Amino acid sequence: MKKASIAWVSVDGGPGLALWCLPLEGGLYLVSGPGEQSAPGLADAATAAVTLRGDHGGRIVTWPAEVTRLLPGSEQWETNAPLVAAKRLNAPGTATELVERWASEGCALNRLAPAGVPLAEGGSLPDASDAAVPRESPAVRQTRKPFRLHRVRRR
């Protein structure tokens, strides 16, 4: 877990979402909300399932997690939010400005800590692919007909 930068997080048995995370103090820290990654239901969840991959790109473990939301102004927020912000890639502004934006826009900073024995690991992982049909998305667009620069004559 200490090398993780992406985790697949499933809330309430829903589909696993690939989310950027930061391993810190035995847990994974995730930021979601306006201007950040979308993680429906995670901000208010008490538990989640976390799947991590190994160096080879394949799944190595799925474990149950206890979800704790860090609130702006709390001691945990003041300690950990700047550390997470410092590792956030491609963020506009400084880490201090980013932490202030998270607090003012209502972003959720959550800590996912292991809560029990792994749900699947090693030999208990399935041999078959765990791929699923892509979910519907507003980003999908219809394919247009090819553009032609000249008129094609039919004989």
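Strand β3 (residues 22-24) runs antiparallel to β4, and the two are joined over 3 bridges. The model is a predicted one. In it, β4 also pairs with strand β7 (residues 108-114), again in the antiparallel sense, over 5 bridges. Each of the 6 residues of β4 is buried. The strand gives two or more residues to the largest nonpolar core, and the buried residues of helix α2 pack against β4 and α1.

**Strand β4 and its partners**

- β3 and β4 make up a hairpin in which 2 residues lie between the strands.
- Within the turn of that hairpin, E25 adopts a positive phi of about 50 degrees.
- One bridge of the β3 and β4 pairing joins P23 to L28 in β4.
- On the β7 side, V31 has L109 as its bridge partner.
- In a regular strand, side chains alternate between the two faces of the sheet.
- In β4, G27, Y29 and V31 point one way, while L28, L30 and S32 point the other way.
- Residues of both sets are buried, and β4 is accordingly described as mostly covered, with 6 of 6 residues buried.

**Nonpolar cores**

- In soluble globular proteins, nonpolar side chains tend to be buried together.
- The largest nonpolar core here holds 19 residues, and V9, L28, L42, V50, L52 and L112 have the most contacts inside it.
- Two or more residues of this core come from each of β1 (6-10), β4 (27-32), β5 (47-53) and β6 (59-70).
- β6 supplies the largest share, 4 residues.
- Another core, of 14 residues, lies apart from this one and includes W77, V84, A85 and C107.
- L112, one of the residues with the most contacts inside the largest core, touches V9, G27, L28, L30, L42, V50, W63, A65, E66 and V67 when neighbours within four places in sequence are left aside.

**Helix α2**

- L98, V99 and W102 are the buried residues of helix α2, which spans residues 95-105.
- Viewed down the axis of α2, these buried residues fall within an arc of 100 degrees, so they line one face of the helix.
- The buried residues of α2 pack against β4 and against α1 (75-87).
- T96, E100 and S104, on the other side of α2, are exposed.
- G106 follows just after α2 and has a positive phi of about 80 degrees.

**Salt bridges**

- Side chains of opposite charge can pair when their charged atoms come close.
- The model contains 3 salt bridges.
- R88 and E36 form a salt bridge through their side chains, at 2.8 Å from N to O.
- Because R88 is in the loop between α1 and α2 and E36 is in the loop between β4 and β5, this pair ties together parts that are 52 residues apart in sequence.
- R88 is partly exposed, with a relative accessible area of 24%.
- E36, by contrast, is buried, with a relative accessible area of 15%, under the 20% limit for a buried residue.
- E36 also forms a salt bridge with R101, where the closest N and O atoms are 2.5 Å apart.
- That pair links distant parts of the chain, with E36 in the loop between β4 and β5 and R101 in helix α2, 65 residues apart.
- R101 forms a further salt bridge with E105, where the closest N and O atoms are 3.3 Å apart.
- R101 and E105 are 4 residues apart in helix α2, so about one helical turn separates them.
- E105 is partly exposed, at 39% relative accessibility.
- E36, R88, R101 and E105 are thereby linked in a network of salt bridges.

**An exposed loop residue**

- G73 sits in the loop between β6 and α1.
- G73 is exposed, with a relative accessible area of 60%.
- From C-alpha to C-alpha, G73 and D127 are 46 Å apart in space, and they are 54 residues apart in sequence.

Conventions
Residues numbered from 1 in each chain as written. Predicted model: local features only at pLDDT ≥ 70, side-chain atom pairs only at ≥ 80, totals over all residues. Heavy atoms only, no water. Core = buried A, V, L, I, M, F, W, Y, C linked by side-chain atoms within 4.5 Å. Buried < 20%, exposed > 50% of the residue type's maximum accessible area, 1.4 Å probe, protein only. Contact = heavy atoms within 4.5 Å. Arc of directions from axis to C-beta. Salt bridge = Lys/Arg side-chain N within 4 Å of Asp/Glu carboxyl O. Pairing = 2+ DSSP bridges.
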